[in-house]
Amino acid sequence: MSTTAMNPMSFRNRIHPHKFALYASFASIIMMFGALTSAYIVKHAAGDWLEYKMPSIFYVSTAVLILSSIVLHTSYIGFKRKKEAVYKGMLIVAFILGIAFVVLQYQGWQILFASGMDLKANVSASFLYLITGLHAAHILGGVAAITVAIIHAFTLPFIVTEKRRIRFQLVLHYWHFVDILWIYLLAFLLLVK
Amino acid sequence: MSDVLTQKQDELDILIEEQGYDDHFHDHHHGDKYQSNFIGHYIFSMDHKIIARQFLITGIFWAIIGAAMSIVFRLQLGFPEADLTWIKPLLGKWIVVENGIGTLSPEFYYALVTMHGTILVFFVLTAGLSGTFSNLLIPLQIGARDMASPFLNMLSYWFFFLAGCVMFYSLFLSTGPFSGGWTGYPPLSALPQASSGSGTGMTLWLISLTLFVVSVLLGGINYITTVLNLRTKGMSMWRMPLPIWAFFVTAVLGLLSFPVLASGFFMLMFDRGLGTSFFLSEIFIEGQALDRVGGSPILFQHLFWFLGHPEVYIIILPAMGIVSEVLSVHARKPIFGYQAMVLSILAIGFLSFIVWAHHMFMSGVNPFLSNFFVVFTLIIAVPSAVKVFNWITTLYGGNIRFNSAMLFAIGFVSMFISGGLTGIFLGNSAIDIQMHDTYFVVAHFHIVMGIAAFFGMFAGVYHWFPRMFSRFMNETLGRIHFWVTLIGAYAIFWPMHYLGIAGVPRRYYSFDTFDAFKHFGPMNQFITIAAIVVFSVQILFVINFFYSIFKGRKMKVKNPYGANTLEWTTPIEAGHGNWPGKIPSVHRWAYDYGKDGKEFVPQIIPMEEGEQAGDAAH
């Protein structure tokens, strides 16, 4: 028997199972968007492809999303350091920024639509709406999770427990993930056009 | 000393506090807060053992429907002239009666073929097989109270149930269910006006399978997390029984491949409902050119088969895992080459992602690209052969108990060899020019992933039936079930190889008007008769199954087979939480059979002073 087998604890993964489950679901979201961007590359290479100018409002929305990630992280640090005001205040700001991101994306779609690049104009536009739309749906899922976190923050007594810290981390890591996912998608849409 | 260390780490580890092996479960082992009433216990249950039974019984329901469909279209193929008026009460307007002779309508024939494939592949062999046994065995064999998230696990079943409801409803549409083949290729799937089943039937098919993807993902995330995080003390990865390895890799495959199918489905939904052209280009319907340009139907095939090929391993890997365990237990021998078995499961899992285009050799993909896929496809034969060799070597010199579970496990090996060999033919892109879309393909995949996976499932059901229902199934009926199914399955699919080599195309409604294929009529009749016999003996199995739940011989001892794994250390009627008191710890691998003169040594028995581990590699 090797030494590792003698000490069973060395096999135990220290990560909390719910957090691990979340990371596993990231893998599946990555595969989903990976499939869409691969299909995009294949179709792009096959020709019959209409180029369009990315409306600059998408850069604004990107900034808002990055800011929201920072704000949510500040809220988490506030929670860990038992600063109740920072925790609750920043949580609400993050919620508002999350909604703002979706509104800005919607405006971006309207600008594109007005410029003649509607959903059916060309496969390039269809891909743009599908990819950004599916991403916005994931953002709305995150907003829902933040809403639950807000309800917890304002209804439960303010105690820092391990269980609540893990719960907060689930929301936080998901939010960072969809943030990074958006940066990838935007960079991809700008590079392959 | 290591115990002291372990104790200390326990206190730090919140995992252990919440659901680990020393989890203060002692006082409430008979039922828990979830099982307070009938609905909580049997319907919206979060107990993995109940959820496993739900998956199994739902799977059986779908298997009967799917198989009955195949009987109807086999009647059409075997006896095209026969009068089918007698099934009119069931199929209604799909049986067209002319001059007193009822015939199956061609539209519905295609719908039956499509639904047979969809139901068997997704609802029976994915949900019914991996859903059942992953749920039952993962927590029991690794020593966990339940899944990492019992709630998500429950949702996984109910999403599957919902997917089934939508699909079931689509069977009764006046335009019929989807009829464009289980692969759902555009344009038949992308244009609602393309055929009668392409309208509402296809919409419901898409909704149903999207719900099914959600179910698979929720289940898969849970299985992976449970295997990696909730193993009991001493259960290292290299001591896990082989079914757990198989379910683990299966779940990883599902987690990585089903989202890709979901992407394809989203694009298909856009094409159907919103007028985009991801998969459509230059289409004419009834002489009218559509304004859909710029898309590519091949793109869907890539997305579909990127799921579709791992999917066949999602189906066969759990069967392989189950068979490895059953063979070892009933041969009273350690599984031969445990490590090689694990590595070959991993190798098959990896290779399954880089062979998808062998389903598309004739779709117009670049022949140069095909070479790449031919090579990787043929390499899969290596880990598969390793597994077959190890199964046979496990049997060699064993003290074999020929019970129903063991017979089906041996039958699995036979089927896997027969079906696997024809895979080597089809994996070659040059031979595929002749073989593609013929009955040779039908014979190949039915034997290797249809019948073989069913044999694995039957082996599992017979073997773990006492664990699920605390009773045994009837052995005599089980053996009749096995022999008729084995001989019958070969009788159905062996002749199809000849049909395929002669060029008989699959999916055709009738061969009467083809001079080249007409003379195969008697062979088709023979196949149909064999199919009816095999179908009736499955009904016998279902009767045996439900009869035994209530009236079967009772399980009187915890470990009736003398098996080593942890599921046989639980009480005969185990409640939610599986073990009263502490979870047992594990001291050895799962296959110490016939070691040092002892017939079997369960995993919970500590190693003796100076004892060598049975798994020599460690």
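A residue counts as exposed if 12 or fewer other C-beta atoms lie within 10 Å of its own, and as buried if 20 or more do. The model used in these exercises is predicted.

**Exercise 1.** Decide whether E282(B) is buried or exposed.

Solution. Start with the position: E282(B) sits in the loop between α9 (242-274) and β3 (284-285) of chain B. Next, take the count, which is 10 other C-beta atoms within 10 Å. The cut-off for exposed is 12 or fewer, so E282(B) is exposed. Its backbone has a positive phi of about 50 degrees, although E282(B) is not a glycine.

**Exercise 2.** Do the same for E286(B): is it buried or exposed?

Solution. E286(B) lies in the loop between β3 and β4 (288-289) of chain B. With 5 other C-beta atoms within 10 Å, E286(B) is exposed. E286(B) is not a glycine, yet has a positive phi of about 50 degrees.

**Exercise 3.** Check the span of helix α18 (residues 521-551) of chain B, then find what its buried residues pack against.

Solution. The helix has 31 residues, and at 1.5 Å a residue it should span 45 Å. The expected span uses one less than the number of residues. The end C-alpha atoms are 45 Å apart, which agrees. Buried residues of α18(B) include I527(B), A531(B), V534(B), Q538(B), F541(B) and F545(B). An α-helix has 3.6 residues a turn, so residues three or four places apart point the same way. The buried residues of α18(B) pack against α4 (48-78), α16 (439-469), β5 (471-472) and α17 (475-501) of chain B.

Methods. Residues are numbered from 1 along each chain as its sequence is written. Chains are lettered from A and ligands numbered from 1 in the order in which they are written. This is a predicted model: local features need pLDDT of at least 70, side-chain atom pairs count only at pLDDT 80 or more; totals for chains, interfaces and linings use all residues. Helices (H or I, at least four residues) and strands (E, at least two) are DSSP runs, numbered from the N terminus. Two residues are in contact if their C-beta atoms, placed from the backbone, lie within 7 Å.
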